[in-house]
Amino acid sequence: MTRTPRYSVITPSTGRRPKALSFAIASVERAFCHAGLDMGAVEMLVGFDGVRGERVSAASFIRWFDIPADGDFGNGIRNALLKAARGERLLFLDDDNALTPEAFSLYDAHAGIEMVVGRIDTTASFDIPFLPRPDVHPITPGNVDPLCLCVTRELAVTRCGGWQGSPVMPQAHERHFRYESDFLNIHRYWRRAMSTLLIDGFVGIYDAGCGLDPQGMNTRQTRRALRDRDSTEKS
């Protein structure tokens with residue numbers, strides 16, 4: 001019988017950031033080795049959005065999926081991967097983010113909690129050092145990201161039905177609704193969880209792979225890179 005993994009790592013990808021994806025994969029392997037877990041305890045599901053993406057690693061803990069184009073900023077890709085996940089607990093790692101080495105150790109320390117929310121390093125992305133901020137409720141718009149989460153499969157898939165897509169949106173504000181859909185899903189999980197916990201430990205690094213694949217940067221990352229370049233030139 002196939003062993004049930006303890007963790008499934010959910011990774012939607014545009015296919016345009018192979019170097020960043022390699023970095024994300026390496027962070028997962030480093031984290032489960034740091035926690036003393038073997039490869040059978042962790043699976044990583046990488047789903048490419050409408051392309052046959054490059055298989056950047058031959059590691060046996062990775063499952064690759066080429067999924068029809070989503071058209072909803074990867075929400076459908078994430079939902080498809082959730083339905084395919086076999087792990088008891090689920091993490092969300094986009095292809096330009098990374099786990100910290102301590103991530104699985106921190107989650108293992110709270111194995112009885114249905115939804116654990118950890119801190120993520122945001123210094124590469126925003127003018128705040130981490131999320132969630134301590135002065136605001138963790139489940140507040142702009143204060144939490146899927147990278148912060150470890151949830152049980154029972155909660156996310158069975159009880160909450162997976163990952164829902166964006167609400168109907170005016171085209172001019174579509175990017176705003178992309179992030180709103182993240183929050184709406186996280187809020188639904190939080191509201192339906194039988195146990196929740198916010199921990200102080202850092203579990204992820206937001207935009208850890210930013211700049212490794214210049215052609216794959218999103219609008220926010222490009223703006224940040226331009227600001228950093230202008231600041232360097234002025235100094």
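**Figure 1. Strands 1 and 4 run parallel and are joined by four bridges.** The view is taken from a predicted model. Within this pairing, Tyr-7 has Arg-89 of strand 4 as its bridge partner. Strand 4 is also joined to strand 8 (residues 149-152), here by three bridges and in an antiparallel arrangement. Arg-89 takes part on this side too, standing opposite Thr-152 of strand 8.

**Figure 2. Strand 4 is covered on both faces.** Arg-89 and Leu-91 lie on one side of the strand, Leu-90 and Phe-92 on the other, and all of these residues are buried.

**Figure 3. A salt bridge joins Asp-96 and Arg-17.** The closest N and O atoms of the pair are 3.8 Å apart. Asp-96 sits in the loop between strand 4 (89-92) and strand 5 (98-99), whereas Arg-17 belongs to the loop between strand 1 (7-13) and helix 1 (18-34). The pair thereby links distant parts of the chain, 79 residues apart. Both Asp-96 and Arg-17 are buried. Asp-95 is included in the view, as Arg-17, Asp-95 and Asp-96 are linked in a network of salt bridges. The structure as a whole holds 13 salt bridges.

**Figure 4. Arg-63 and Glu-43 meet through their side chains in a salt bridge.** The N to O distance is 3.0 Å. Arg-63 is in strand 3 (residues 62-67) and Glu-43 in strand 2 (residues 42-49), so that distant parts of the chain, 20 residues apart, are linked. The two partners fall into separate accessibility classes: Arg-63 is partly exposed, at 25% relative accessibility, while Glu-43 has 2% and counts as buried because the limit for that class is under 20%.

**Figure 5. Arg-159 forms a salt bridge with Glu-114.** The closest N and O atoms are 2.5 Å apart. Arg-159 lies in helix 4 (residues 153-159), and Glu-114 in the loop between helix 3 (103-108) and strand 6 (115-121). Parts that are 45 residues apart in sequence are therefore tied together by this pair. Arg-159 has a relative accessible area of 26% and is partly exposed; Glu-114, with 9%, is buried.

**Figure 6. The largest cavity holds about 30 Å³ of space.** The count of cavities of 30 Å³ or more comes to one. Its lining is made up of Ser-13, Gly-15, Arg-17, Pro-18, Leu-21, Phe-48, Gly-53 and Glu-54. By residue class, the lining divides into three nonpolar, three polar and two charged residues. Arg-17, one of the lining residues, is also the salt-bridge partner of Asp-96 shown in Figure 3.

**Figure 7. Cys-150 is buried, and Cys-210 is partly exposed.** Cys-150 has a relative accessible area of 0%. For Cys-210 the relative accessibility is 30%, which places this residue in the partly exposed class because the value lies between the limits of 20% and 50%. A disulfide is a covalent bond between the sulfur atoms of two cysteines. A search of the whole structure finds zero disulfides.

Key
Residues are numbered from 1 along each chain as its sequence is written. This is a predicted model: local features need pLDDT of at least 70, side-chain atom pairs count only at pLDDT 80 or more; totals for chains, interfaces and linings use all residues. Side-chain values use heavy atoms; hydrogens and water are left out. A salt bridge is a side-chain nitrogen of Lys or Arg within 4 Å of a carboxyl oxygen of Asp or Glu. Helices (H or I, at least four residues) and strands (E, at least two) are DSSP runs, numbered from the N terminus. Buried means under 20% relative accessible area, exposed over 50%, partly exposed in between (1.4 Å probe, protein chains only). On a 1 Å grid over the protein atoms alone, a cavity is a set of points where a 1.4 Å probe fits but cannot get out, and a pocket is an open set with protein on both sides within 12 Å along at least five of seven lines; lining residues have an atom within 4 Å of a point. Grid points are joined across faces, edges and corners, and a volume is the space filled by probe spheres set on the points. Ala, Val, Leu, Ile, Met, Phe, Trp, Tyr, Cys and Pro count as nonpolar, Asp, Glu, Lys and Arg as charged, and the others, Gly among them, as polar. Two strands pair if DSSP finds at least two bridges between them. A disulfide is a pair of cysteine sulfur atoms within 2.5 Å.
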